[in-house]
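Subject: Handover of a structure

Dear colleague,

Please find the structure below, together with its sequence. A short account of the findings follows it.

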Amino acid sequence: MSTKEETEKAVAAADAAFDSWAATPVADRAVYLMKIADKLEEKKDHFIKTLTEENGENNGYIRS
């Protein structure tokens with residue numbers, strides 16, 4: 001869990017980045033988002049393992 005201060009800092013960082021992100025051409029944003037999606041896919045098994053451990057669900061349920 002995050003502290004109130006950590007949350008406020010994250011919100012402020014997102015707010016500060018918004019104008020720059022909004023000014024970025026859509027094609028460039030798509031490239032960034034695809035890179036993020038690729039990294040998430042690479043770490044999928046780690047996320048599944050963590051969710052399984054944290055929630056007590058079985059892997060089949062988490063994978064669906």
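Read from one end of the sequence to the other, the protein follows the pattern α-α-α-α. It has 4 helices and 0 strands. Please note that this is a predicted model.

Confidence

The average pLDDT of the protein is 90, and 88% of the residues score at least 70. Confidence is highest in α2, at a mean of 97, and lowest in helix α4 (residues 59-63), where the mean is 63. Where pLDDT is low, the predicted coordinates should not be read in detail.

Exposure of the chain

The protein consists of 64 residues, of which 6% count as buried. It exposes about 5800 Å², and carbon and sulfur atoms supply 59% of that area.

Helix α1

Helix α1 covers residues 4-23, which makes 20 residues. At 1.5 Å a residue, a helix of this length should span 28 Å; the C-alpha atoms at the ends of α1 are 30 Å apart, which agrees. The helix nevertheless contains a kink of about 40°, centred on Ala17. As to burial, a residue counts as buried when its relative accessible area is under 20%. The number of buried residues among the 20 of α1 is 0, so this helix lies largely in the open.

The nonpolar surface patch

A nonpolar patch on the surface is formed by Trp21, Tyr32, Leu33, Ile36, Leu40, Phe47 and Leu51, which together have about 650 Å² of accessible area. Two elements, α2 (26-42) and α3 (44-55), each give two or more residues to this patch. The largest share comes from α2, with 4 residues.

One member of the patch may serve as an example. Leu33 lies in helix α2. Its relative accessible area is 47%. The range for partly exposed residues runs between 20% and 50%, so Leu33 is partly exposed.

Helix α3 and the residue after it

Helix α3 has 12 residues, and the distance from its first C-alpha to its last is 16 Å. This is close to the expected value of 16 Å at 1.5 Å a residue. Gly56 follows α3 and has a positive phi, near 70°.

In summary, I would draw your attention to the kink at Ala17 in α1, to the nonpolar patch on the surface, and to the low mean confidence of 63 in α4.

Yours sincerely

Methods
Residues are numbered from 1 along each chain as its sequence is written. This is a predicted model: local features need pLDDT of at least 70, side-chain atom pairs count only at pLDDT 80 or more; totals for chains, interfaces and linings use all residues. Side-chain values use heavy atoms; hydrogens and water are left out. The expected span of a helix is 1.5 Å times one less than its number of residues. The bend at a residue is the angle between axes fitted to the seven residues ending there and the seven starting there. Buried means under 20% relative accessible area, exposed over 50%, partly exposed in between (1.4 Å probe, protein chains only). Patches are made of residues with over 30% relative accessible area and no salt bridge: like charges are joined within 9 Å, nonpolar side chains (Val, Leu, Ile, Met, Phe, Trp, Tyr) within 5 Å. Accessible areas come from the Shrake-Rupley method with a 1.4 Å probe; for residues, only the protein chains shown count as cover. A salt bridge is a side-chain nitrogen of Lys or Arg within 4 Å of a carboxyl oxygen of Asp or Glu. pLDDT is the predictor's confidence in each residue, from 0 to 100.
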